[in-house]
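Let's take a walk through this fold, from the sheet outwards to the helices. Have the structure open as you read.

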Amino acid sequence: MNNLMVKRRGNLLDLEQIYALEKMVFKNEAWTIDMIKIELLCSDNSRTLIIEENRLILGYFIYRKWLSEYHILNVGVSPLRQKEGIGGIFLKDFLNDLENISTVFLEVKKSNFPAINLYKKNGFKVFGERKKYYKDGSSALLMNYVKNIEYGLV
């Protein structure tokens with residue numbers, strides 16, 4: 001992350017920018033503005049993280065938490081800034097901040113090889129598939145990550 005980039009928690013003031021980015025990244029599969037708004041408002045168990053530069057949102061990372069279980073719901077990075085490691089920054093920071101005994105789940109489009117490779121590189125495993133999960137009829141891989149560090153044990 002360069003010195004001009006700022007990582008912070010998203011809020012309702014970010015809604016329009018996140019939605020515009022969502023439509024650019026996911027086109028016909030994009031979330032609605034109301035879906036994004038719900039995540040920004042649902043402060044009990046949902047978090048939206050933002051990386052911005054000069055007040056322009058470069059990417060967002062939306063997840064939910066229930067007890068010690070997390071679900072990554074949506075990750076988007078500006079097409080103009082992809083391949084700069086922004087998705088990796090989100091993922092590494094998120095995984096580093098997890099509680100000791102936690103499980104993370106996500107769905108990823110079976111054809112999204114850059115995302116699949118990023119998840120695998122960070123310890124995620126494929127454990128299933130949802131057939132015809134997306135609007136275009138393509139399938140999603142189910143992936144998970146388990147953090148279980150036993151302190152004091154070798």
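What follows starts with the sheet and then turns to the helices.

Keep in mind that this is a predicted model. Its sheet is an open one, built from seven strands in the order E1-E2-E3-E4-E5-E7-E6, with mixed pairing. At the edges you'll find strand E1 (5-9) and strand E6 (125-130). Each of these has a single partner strand, so one side of each is left without a neighbour in the sheet. Going from one strand to the next, the twist averages 25°.

Now zoom in on strand E3 (residues 56-66) and strand E4 (residues 69-77), which pair in the antiparallel sense over eight bridges. The two form a hairpin with two residues between them. Look at Leu 67 in that turn: its phi is positive, at about 50°. Trp 66 stands opposite Glu 69 in E4, and elsewhere in the pair, Gly 59 has Val 77 in E4 as its bridge partner.

On to E4 and E5, where the pairing changes sense: these strands run parallel and are joined by four bridges. Ile 72, for instance, has Leu 106 in E5 as its bridge partner. To get from E4 to E5 the chain passes through H3, and this β-α-β crossover is right-handed.

So what does that connecting helix touch? Helix H3 (residues 86-96) packs on the sheet, touching E1, E2, E3, E4, strand E5 (101-109) and strand E7 (140-148). The direction of H3 makes about 30° with that of E3. H1 packs on the sheet too, and there the contacts are with strand E2 (46-53), E3 and E4. The direction of H1 makes about 95° with that of E3.

H1 has a helix to meet as well. The axes of helix H1 (residues 15-26) and helix H2 (residues 33-41) come within 10 Å and cross at roughly 130°. That angle is under the 145 degrees above which a pair would count as roughly antiparallel, so H1 is oblique to H2. The crossing of these two helices is right-handed.

Which residues make the contact between H1 and H2? From H1 come Leu 15, Glu 16, Ile 18, Tyr 19 and Glu 22, and from H2 come Ile 33, Ile 36, Lys 37 and Leu 40. Sorted by character, the residues of this contact are six nonpolar and three charged, with no polar ones.

Notes
Residues numbered from 1 in each chain as written. Predicted model: local features only at pLDDT ≥ 70, side-chain atom pairs only at ≥ 80, totals over all residues. Heavy atoms only, no water. Axes fitted to C-alpha atoms, helices over the stretch in contact; angles between N-to-C directions. Parallel < 35°, antiparallel > 145°, perpendicular 65-115°, else oblique. Left-handed = near helix turned anticlockwise from the far one by under 90°. Contact = heavy atoms within 4.5 Å. Nonpolar A, V, L, I, M, F, W, Y, C, P; charged D, E, K, R; others polar. Pairing = 2+ DSSP bridges. Right-handed = clockwise from strand over helix to strand, strands pointing away.
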